[in-house]
Amino acid sequence: MSALLDVADLRVRYGHSLAVDGVSVRVGAGELVAVAGANGAGKSTLVDAVAGWSRGRPAVTGSVRLAGQDVGRLAAHRRAGLGLVLVPEGKGVFDGMTVQENLRVVRPPRGTAGRPYSVDDVLDVFPRLRERIAARCSTLSGGERQMVAIGRALRAAPRLLILDEPSVGLAPRLVVEVLTHIRDLVDAGLSVLLVEQNVRAALEVADRLHLLDQGRIVASGTAAQMREDDRVAQAYLGGLGP
Ligand SMILES: Nc1ncnc2c1ncn2[C@@H]1O[C@H](COP(=O)(O)OP(=O)(O)O)[C@@H](O)[C@H]1O
Ligand SMILES: [Mg+2]
């Protein structure tokens, strides 16, 4: 079976430094695949390259396929139009606008193959946001902001949702809450590529997990296998997870 997302031999170079060194990742339909690694491992560089975003001027080689289509040369907005939607780390929300305004301004692209979520659909996913619908986003907690960011991504009708460290800066209870919502979306049919520094949290919800170290995948397996993996245990001890 061909994967919904098929990233093969991706390399991303900033000048002379190779931040992502030959990474291959596949995400099947309805699957939650996590890539975990320490700060600086290359997680954001990887997902930015997959989504077609660029910070600085990275040189990217390798292939990115969505549902069999080579999207690796398309601009970010074209990839998003095909359903490859990224929630970047710590971004994706307009602070000066209310929750409702943030959700309303995003419209699904015309003719999208992804599932369009209405504002109401998003509020069904994140009931906590219903109570805060009229609140300005600058007044939200970190967890609520992350829910708005994911909600905005859902409004854009993703086929494949990419999340860059949704747990960052959240209280432990909210990490569980946000990741549980993500798992629920996957169980309802969405496909997700999740990037996390928090390996332990990622293992709670992922179907499969890859460990990224200095731009390379050093271990891969199902969540059950990876819970037993020495390298994952070392990653905890090395301060990767809380
Ligand atoms: N715009 C950039 N220009 C040069 N180097 C960068 C840039 N962004 C990230 N890097 C470097 O690439 C490596 C990977 O960074 P990053 O992808 O942000 O890691 P992570 O998201 O896993 O913390 C780091 O060594 C970082 O310093
Ligand atoms: Mg990052």
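1. A definition to start with: two strands count as paired when DSSP finds at least two bridges between them. Please keep in mind, too, that this is a predicted model.

2. A good place to begin is the open sheet. Six strands make it up, in the order E6-E7-E8-E3-E9-E10, and the pairing is mixed. E6 and E10 are the edge strands, each pairing on one side only. From one strand to the next, the twist averages 15°. Helix H6 (residues 142–155) packs on this sheet and touches both E6 and strand E7 (160–164). The direction of H6 makes about 165° with that of E6.

3. Next, look at strand E9 (residues 208–213) and its partners. Strand E3 (residues 32–36) runs parallel to E9, and four bridges join the two. Val33 has Arg208 as its bridge partner in E9, and Ala34 stands opposite Leu209. With strand E10 (residues 216–222), E9 pairs in the antiparallel sense, over six bridges. In that pairing Arg208 stands opposite Thr222. As general background, strands of a sheet pair through backbone hydrogen bonds, either parallel or antiparallel.

4. What phi does Gln214 take in the hairpin of E9 and E10? The phi of Gln214 is positive, near 45°. This hairpin has two residues between its strands.

5. Turning to the interior, the largest nonpolar core has 52 residues. Ile150, Leu154, Leu161, Val192 and Leu194 are the residues that touch the most other members. Helix H7 (residues 172–187) gives the most to this core, contributing seven residues. Another core, of 28 residues, lies apart from it; among its members are Val12, Val47, Leu160 and Val195.

6. Val192 is worth selecting in the viewer. Leaving aside neighbours within four places in sequence, Val192 is in contact with Val27, Glu31, Leu32, Val33, Leu160, Leu161, Leu163, Ile182 and Val186.

7. Where do the protein donors of the magnesium ion (ligand 2) come from? They are Ser44, through OG, and Glu89, through OE, lying 2.0 to 2.5 Å from the ion. Ser44 lies in helix H1 (residues 43–51), while Glu89 lies in the loop between strand E6 (84–87) and helix H3 (99–104), so the pair ties together parts that are 45 residues apart in sequence. Ser44 counts as buried, because its relative accessibility is 15% and the cut-off for burial is under 20%. Glu89 is partly exposed, with a relative accessible area of 35%.

8. The model has 16 salt bridges, and a network of them links Asp9, Arg11, Asp21 and Arg216. Within this network, the side chains of Arg11 and Asp9 meet at 2.8 Å, N to O. Both are partly exposed: Arg11 has a relative accessible area of 29%, and Asp9 has one of 39%. Arg11 also meets Asp21 in a salt bridge, at 3.5 Å. Asp21 belongs to strand E2 (residues 17–27) and Arg11 to strand E1 (residues 5–14), so this pair ties together parts 10 residues apart in sequence. Asp21, at 16% relative accessibility, counts as buried.

9. One more salt bridge joins Glu177 to Arg128, with the closest N and O atoms 3.0 Å apart. This pair links distant parts of the chain, with Glu177 in helix H7 and Arg128 in helix H5 (residues 127–131), 49 residues apart. Buried or partly exposed? Glu177 counts as partly exposed at 21% relative accessibility, and Arg128 is partly exposed with a relative accessible area of 25%.

How values were computed:
Residues are numbered from 1 along each chain as its sequence is written. Chains are lettered from A and ligands numbered from 1 in the order in which they are written. This is a predicted model: local features need pLDDT of at least 70, side-chain atom pairs count only at pLDDT 80 or more; totals for chains, interfaces and linings use all residues. Side-chain values use heavy atoms; hydrogens and water are left out. A nonpolar core is a set of buried Ala, Val, Leu, Ile, Met, Phe, Trp, Tyr and Cys residues joined through side-chain atoms within 4.5 Å. Buried means under 20% relative accessible area, exposed over 50%, partly exposed in between (1.4 Å probe, protein chains only). Contact means heavy atoms within 4.5 Å. Donors are N, O and S atoms within 2.8 Å of the metal (3.2 Å for Na, K and Ca); water is not among the atoms, so sites may look incomplete. Axes are lines fitted to C-alpha atoms, for helices over the stretch in contact, and angles run from 0 to 180 degrees between N-to-C directions. A salt bridge is a side-chain nitrogen of Lys or Arg within 4 Å of a carboxyl oxygen of Asp or Glu.
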